[in-house]
Amino acid sequence: MPDLLLELFSEEIPARMQRKAAEDLRKAITDGLVAAGLIYEGAKAYATPRRLALQVTGVPARSPDQTEEKKGPRVGAPEAALQGFLKAAGLASIDEAEIVADAKKGEFYVARQKKPGRAAIDVIADLVPQVVRNFPWPKSQRWGTGSLRWVRPLHSIVCTFGPETEEPDIVPFEIDGIRSGNVTYGHRFMAPGPITVKRFDDYSAKLQAAYVILDADRRKDIILHDAKDLALAQGLELIEDDGLLEEVAGLVEWPVVLMGAFEEAFLAVPGEVIRATIRANQKCFVLRSHHVDQRLANRFILVSNIIASDDGVAITAGNGRVVRARLSDARHFWETDQRDLPGYGDRGLKPLDQRLAKMRDLGIVFHEKLGTQAERIERIVRLARDLAPAVGADPDLAARAATLAKADLLTEVVGEFPEVQGLMGGRYAALQGEDPAVTRAIEDHYRPQGPSDRVPTDPVAIAVALADKLDTLIGFWAIDEKPTGSKDPYQLRRAALGVIRILLSNGVRLPLLAAMPAPFGEIMLDKRLVAVDRQMDIADELASAGVPETVMVALRERLLAPVADPRAVESYAEATVQEAWLKSLDLLAFFADRLKVQLREQGARHDLVDAVFGLGGQDDVVSIVRRVEALGGFLSSEDGRNLLAGYRRAVNILKAEEKKDAAAVTGAVDPGLLAEAEEQALAAAIATAAPAAAAAVAQEDFAAAMTALSALRVPVDAFFDKILVNAADPALRLNRLRLLDQIRAACHAVADFSKIAG
């Protein structure tokens, strides 16, 4: 079958956009082909700095004929209805329609029209311009006088279609004056001339001969292996950086790896700053020695996009000059930061405390609705102190680390290199003699910043990292600045996933509903974010949410105690207490969504998370995951699958009867009415399994709870095989329904089985 080759050749595409753009192109074209009835065999997209390319193999030469069916009115319908049907169906008379009989609806008219297929080349000619004109670039603009919006000026389009055994055809179309063809161009400098291509194999081979490596992953492999080999030849080791590798592979079409150098004197600058300088400004990799200390070396790896006639001497020299200039600036900032700030040394403060004092004096705003950075630090300190016992940390050390954690934001180094915040704070804390636990906590409190970033493990660091992320989430939830769709300007999803990873990696048992309401209320009381007239609405919402009164009493004591004049703000403060609880519940639901994402990436089923959260009051992430894992293992067994089927049958019967009777089935089973052996056996099994499962859940032995429930499988199956639930005798019917309710209750001791899909 024929293959499709498509290339969109333009000026340089930003590296960060290339991989997604290639995938967007593949999806848009293949979805369009499938929608037209052209089921292909395979597709792969490619990206270089100057082109997006797509290969689609095994495309049928023609889409299949289709029959469209339009249902009309009943036979004998009024003339107006018949005429409307004929017009809509494109029929000349009712005789052209078929009459179809239906057992329930009688006879009615149906119009069947055959729609002939189209040549694939015509489908592609219509599809590609539509895809190009509606391409989802994150940023695009019009170039020149045309109407097309593209990320950079689009110069040419290759689009060929045909089988391997024949000369492919050029798919004819035009976009903003650019006609499709079979001519592309090689490397901008080393082979800029036109290249005539046929199909993908020919296209790829000719591009490589013209110094263009089409596959980004292959470019990455070349860069990584050549960099490692070059480092090894000098007795050094490459510090790998996946993000930088992806970016650099998007900057070159023909990677040439070179090594540059700078003076050893610059190694006095902290390694984090050296790495940030070289990475951010020159897109270069840093090297370290093989020795035990693994100190940074005064060498760096750069990637050129050209084979230079002097073997890269001029290129490495030019990069070296820029690196030395940037490192000179970094050394100046580093040395400046270690001197006392003017006017603050007299206060007897250590350097980081000086920065903190300056932050308070300047009144630097964190967010207009959440106050200053200094106010936020005070909140983080309180929260870190509260969390410390739960994670096994010293409260005073956690408070000290939280106090200093943001101080490096006002240092010269972090001002110039924001990516080293936290790291430099830890370095400065060590220099001023802080406890090692405080130093580690300052360095790690932003972690984890992504799925591949490491998680803090020291108790003090855990407390401060959790406090920082929870304060961010609570603060923006308090002012209703939540993520919407794909927009998340404050990176709240990342913060929530960070909390989840910290809790799971360290096995920290932290009930979130105990940790969140007080900080919520303190922010809202301080910023007056709740109107008094919301109190009645909030009370109604709380009643429907079933909030435990003990929780509300504790929250009132925490929030109303510091109010200066309770009589003046009593109703306001009470509304704040209630709103704080509601917002905590909403934020907990957000955590549940993020936990589903985390577990789904690990291969777990998201519906099992729903089943556990469906029980209500589930706010301990570690316990939830353990329960989900046990539930997943149980449902993968034959006993689990059969019990789930029995549960669903029981619940469906209960729902139908409860709807009919307009009342829930409740009450104890009457042993005297258990007439049949199967219902007696089921009652006995429930009497044993239900308390055993509940006791196991109380001990958080979820595997044992599942084992207890598995004992219900056989008696449940036998019950439904032999027993008629809706017996003629009302008392017998009610007793059997109560038995089904006990099945439901026993399962719900472990999870809400109604939330389980499949």
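This report looks at a cavity, a sheet and one helix residue in a predicted model.

**The cavity**

The whole structure holds 3 cavities of 30 Å³ or more. The largest has about 70 Å³ of space. Its lining consists of R379, R382, L383, D386, D471, I474, P519, E522, I523 and R558. By class, 6 of these residues are charged and 4 are nonpolar, while none is polar. Three helices, α10, α15 and α18, each give at least two residues to this lining. The largest share comes from α10, with 4 residues.

**The sheet**

Four strands form an open sheet. Their order is β15-β17-β18-β16, and they pair in an antiparallel way. At the edges lie β15 and β16, each pairing on one side only. From one strand to the next, the twist averages 35 degrees. Between β15 and β17 there are 3 bridges. Within this pair, L238 has L287 of β17 as its bridge partner. Helix α8 lies across β16 and β18, and runs at about 130 degrees to β18.

The table gives the residue ranges of the strands and of this helix.

| Element | Residues |
|---|---|
| β15 | 236-238 |
| β16 | 256-261 |
| β17 | 285-289 |
| β18 | 296-304 |
| α8 | 313-337 |

**Residue D202**

D202 sits in helix α4, which covers residues 200-209. A polar atom of the D202 side chain lies 2.7 Å from the backbone nitrogen of K198. Leaving out residues up to four places away in sequence, D202 touches T196 and V197.

Technical notes:
Residues are numbered from 1 along each chain as its sequence is written. This is a predicted model: local features need pLDDT of at least 70, side-chain atom pairs count only at pLDDT 80 or more; totals for chains, interfaces and linings use all residues. Side-chain values use heavy atoms; hydrogens and water are left out. On a 1 Å grid over the protein atoms alone, a cavity is a set of points where a 1.4 Å probe fits but cannot get out, and a pocket is an open set with protein on both sides within 12 Å along at least five of seven lines; lining residues have an atom within 4 Å of a point. Grid points are joined across faces, edges and corners, and a volume is the space filled by probe spheres set on the points. Ala, Val, Leu, Ile, Met, Phe, Trp, Tyr, Cys and Pro count as nonpolar, Asp, Glu, Lys and Arg as charged, and the others, Gly among them, as polar. A polar contact is a pair of N or O atoms within 3.5 Å; within protein, one must be able to donate a hydrogen and the other to accept it, and residues adjacent in sequence count only if both atoms are side-chain atoms. Contact means heavy atoms within 4.5 Å. Two strands pair if DSSP finds at least two bridges between them. Axes are lines fitted to C-alpha atoms, for helices over the stretch in contact, and angles run from 0 to 180 degrees between N-to-C directions.
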